[in-house]
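Please open the model in your viewer and keep the sequence panel visible. The tour below proceeds by selection, and each stop states what is to be found there.

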Amino acid sequence: MHFDQALHLLQQLGPSMEQKGLRIATRFYDSLEATYEEELRALREAGAQDGTRALRILRLSQLLNQITNQHESSELFKLILLNEIDQTKSFLLTYPDIISREILQAIQIEYDLKEDAPLLQAWAIVHHQLVDTCRHFCKYRHAENWRQQDILLIAEEHHLGAVIDEARHALLSGRKTTLLHVSAEELAERMLANVVSLTTKGMVVHHIRQEGWEQQMHEFLTMITANDPIVFVSGSTNFIEEIQQRLDPLPVLFGPFVAANQLPS
């Protein structure tokens, strides 16, 4: 299941999560405290745990509700990175497997899902991507200019419009922003005007023709990823997977994703 498909599938839970979120979060922390007392004690002694238990439960329930009511993957990841990172990073970064196992179990019990249920699979996919995002982004928390991490935007053909909004957001936040467009055709007049406007604000633009793009892409990504940027990709499922493989181990951190295959019913 593609990430964008998983996120769309979770939208089915939006209304119910408003009622179930607190119960899931409470169940999660109950299990965490009952099973991993030593790990929690070590984090408290290191000063990594912040806020009261009630506050942590409230924050988690709000996060679950935001995930299931968020219709745009790029907006979801922006929310996580900018608003939730301080609240989730300590246990998340130290024990990501525990977090994943316990949160999925709490959701499974509350929604009475079978282990192979598509909804549970969707949760696992979304959670895994969020964990990777937070872990990668937190590498820069101790850097003096961590909020200025470079942004790399990659768009396939007509999917360029999806990353234009991300470019505007990145430029407003003062980030060095590079756009790579892979296409066999020239830009339409309106889209070209949007791109030119952003270049006047500091965005760097590269265009690669689709014919024989593999070697050009390899050379470009080898050069650009030396700065370990935050990456947005917009395109078909196959295109996104190709970029992810070429960037590995640097993850494609957040969408906007546009899945080529049909969304599950």
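**The whole chain**

Begin with everything selected: of the 265 residues in the protein, 49% are buried. Please bear in mind that this is a predicted model. Colour by secondary structure, and 11 helices and four strands appear. Among contacts between residues at least 6 apart in sequence, 78% join residues at least 24 apart.

**The sheet**

Next, select the four strands. They form an open sheet in the order 3-2-1-4, with parallel pairing. Strand 3 (204–208) and strand 4 (230–234) are the edge strands, each of which pairs on one side only. From one strand to the next, the twist averages 15°.

Now narrow the selection to strand 1 (residues 151–156) and strand 4, which pair in the parallel sense over five bridges. Show Ile154: opposite this residue, in strand 4, stands Val233. Add helix 11 (residues 237–247), which packs on the sheet and touches strand 1, strand 2 (177–182) and strand 4. The direction of helix 11 makes about 155° with that of strand 4.

Keep strand 1 and turn to strand 2. These two strands also pair in the parallel sense, over six bridges. In strand 2, the residue opposite Ile154 is Leu180.

Why is strand 2 described as largely enclosed by the rest of the structure? The reason is that six of its six residues are buried. Both of its faces are covered: show Thr177, Leu179 and His181 on one side, then Thr178, Leu180 and Val182 on the other, and all are buried.

**A residue at the start of the chain**

Select His2, in the segment before helix 1 (3–10). Is His2 buried or exposed? Its relative accessibility is 11%, and a residue under 20% is classed as buried, so His2 counts as buried. Now add Thr237 to the selection. His2 and Thr237 are separated by 235 residues in sequence, yet their C-alpha atoms are 7.4 Å apart in space.

**Helix 8 and helix 9**

Select helix 8 (residues 160–172) together with helix 9 (residues 189–199). Their axes come within 11 Å and cross at roughly 20°. An angle under 35 degrees counts as roughly parallel, and these two helices are therefore roughly parallel to each other. Their crossing is left-handed. To view the contact, show Leu160, Gly161, Ile164, Ala167, Arg168 and Leu171 of helix 8 with Met191, Asn194, Val195 and Leu198 of helix 9. Colouring this contact by class gives seven nonpolar, two polar and one charged residues.

**Helix 2 and helix 6**

For the last stop, select helix 2 (residues 14–35) and helix 6 (residues 96–111). They pack at an angle of about 130°, and their axes are 9 Å apart. This angle makes helix 2 oblique to helix 6. The crossing of these two helices is right-handed. Display the side chains where they meet: Ser16, Met17, Lys20, Arg23, Ile24, Arg27, Phe28, Ser31 and Leu32 come from helix 2, while Ile98, Ile99, Glu102, Ile103, Gln105, Ala106, Ile107, Ile109, Glu110 and Tyr111 come from helix 6. By class, the residues of this contact divide into 11 nonpolar, three polar and five charged.

Methods. Residues numbered from 1 in each chain as written. Predicted model: local features only at pLDDT ≥ 70, side-chain atom pairs only at ≥ 80, totals over all residues. Heavy atoms only, no water. Axes fitted to C-alpha atoms, helices over the stretch in contact; angles between N-to-C directions. Parallel < 35°, antiparallel > 145°, perpendicular 65-115°, else oblique. Left-handed = near helix turned anticlockwise from the far one by under 90°. Contact = heavy atoms within 4.5 Å. Nonpolar A, V, L, I, M, F, W, Y, C, P; charged D, E, K, R; others polar. Pairing = 2+ DSSP bridges. Buried < 20%, exposed > 50% of the residue type's maximum accessible area, 1.4 Å probe, protein only.
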